Amino acid sequence: MLNNFLLVGQQVLVLFILMLLGVIANKKHLLTREGVSGITNVVLYFVTPCVILNAFQRESRPELVNGLIVTGILALGIHVLSILLAYLVIHDKDDGKQRVLRFATVFSNCGFMSLPIQEAVLGDIGVFYGSVFVAVFNVVLWTWGLVIMSGNRSEMSIKKLVLNPGVLGTVFGILIFALQIKLPVVASMPISFLAALNTPVPMIIIGYYIGNLTLNKFTENKKQYVSISLRLVVIPLISIGIMALFKVDPIILTVCTIAASAPTATVTAMFATRFGRDAELGAGMVSVATLLSLITIPILVALAQSV
């Protein structure tokens with residue numbers, strides 16, 4: 001387990017150095033909130049789909065198809081578990097805060113944070129399975145997530161569910177994989193170049209948000225630590241236990257552990273802002289959880305690889 005911890009810790013340390021650049025860019029005013037928002041959209045709409053498409057450019061084998069199905073089922077199960085725990089444990093007299101806390105408990109940063117770690121630890125196969133987790137994340141986000149944060153079921157729509165980058169990228173990736181379509185160089189090279197941005201750019205963005213941390217972010221709302229503890233420790237530990245019980249393939253187990261142990265999703269702050277909830281609480285939780293995850297992720301992934 002120690003070797004696994006050191007290996008994953010080394011990969012997380014590399015990501016931390018990239019995050020540090022984001023912190024510096026924040027403090028030196030090299031990046032603004034509006035600039036980060038624009039870069040985030042570039043990653044969301046171009047880089048992430050290209051990462052997924054790139055990962056699905058591989059020979060189709062029965063074990064890979066079965067792995068995709070298993071990963072999808074596990075991803076859905078982990079989200080259902082997270083929702084149940086959020087309702088059972090998270091309670092607040094302020095309905096707006098309660099919605100943000102529950103949302104933050106359920107949704108991990110499985111795109112921005114997990115895909116780079118999955119790629120660093122497992123290579124392309126990590127992104128191959130990790131992209132299915134991202135697709136399930138997006139389905140839950142644009143259904144339950146939209147309703148819990150808005151408080152309005154009418155906000156949910158098929159268009160929002162289908163026409164989002166994570167789901168579209170995975171659908172096209174699966175089609176390319178299933179039909180064994182070989183993309184021409186003129187298409188595959190730009191996709192590869194954009195995919196290569198997936199590790200440095202999201203880490204710099206996360207570093208920017210960490211740069212906004214102040215001491216009061218750690219102390220102003222004690223209930224955030226209940227949500228963060230569920231997000232970073234309880235949910236991944238239960239997930240590891242269940243997957244080990246059912247003897248899930250080690251690669252898939254590691255992929256799902258990385259996704260399940262990722263910190264609070266950055267979309268928490270975005271949705272809170274959009275629907276008039278406590279955006280400061282959302283942004284603070286993203287930053288605090290991300291900082292703490294630099295300690296918890298290596299431990300949990302090492303544990304998963306040792307099961």
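A residue is called buried when its relative accessible area is under 20%, exposed when that area is over 50%, and partly exposed in between. The exercises below apply this to a predicted model.

**Exercise 1.** Determine what the secondary structure of the chain comes to, and why the chain can be called as compact as a globular protein of its length.

*Solution.* The secondary structure is to be counted before anything else, and the count gives 15 helices and zero strands. The radius of gyration is 18 Å, which is close to the 19 Å that the globule rule gives for 307 residues, so the chain is as compact as a globular protein of that length. Along the principal axes, the C-alpha trace spans about 50 × 45 × 45 Å. With the cut-off for burial applied, 53% of the 307 residues count as buried. Turning to contacts between residues at least 6 apart in sequence, one finds that 84% of them join residues at least 24 apart.

**Exercise 2.** Decide whether arginine 58 is buried, partly exposed or exposed, and list which residues it touches beyond four places away in sequence.

*Solution.* Arginine 58 is first located in the loop between helix 2 (33–55) and helix 3 (62–89). Its relative accessibility is 24%, and because partly exposed covers the range between 20% and 50%, arginine 58 counts as partly exposed. Leaving out residues up to four places away, arginine 58 touches Leu64, Asp124, Ile125, Phe128, Phe177 and Gln180.

**Exercise 3.** Identify the buried residues of helix 5 (residues 114–122) and describe the glycine just after this helix.

*Solution.* The buried residues of helix 5 are Ser114, Leu115, Pro116, Ile117, Gln118 and Val121. Just after helix 5, glycine 123 adopts a positive phi of about 85°.

How values were computed. Residues numbered from 1 in each chain as written. Predicted model: local features only at pLDDT ≥ 70, side-chain atom pairs only at ≥ 80, totals over all residues. Heavy atoms only, no water. Helix = DSSP H or I, 4+ residues; strand = E, 2+ residues; numbered from the N terminus. Rg over C-alpha atoms; globule rule 2.2 N^0.38 Å. Buried < 20%, exposed > 50% of the residue type's maximum accessible area, 1.4 Å probe, protein only. Contact = heavy atoms within 4.5 Å.
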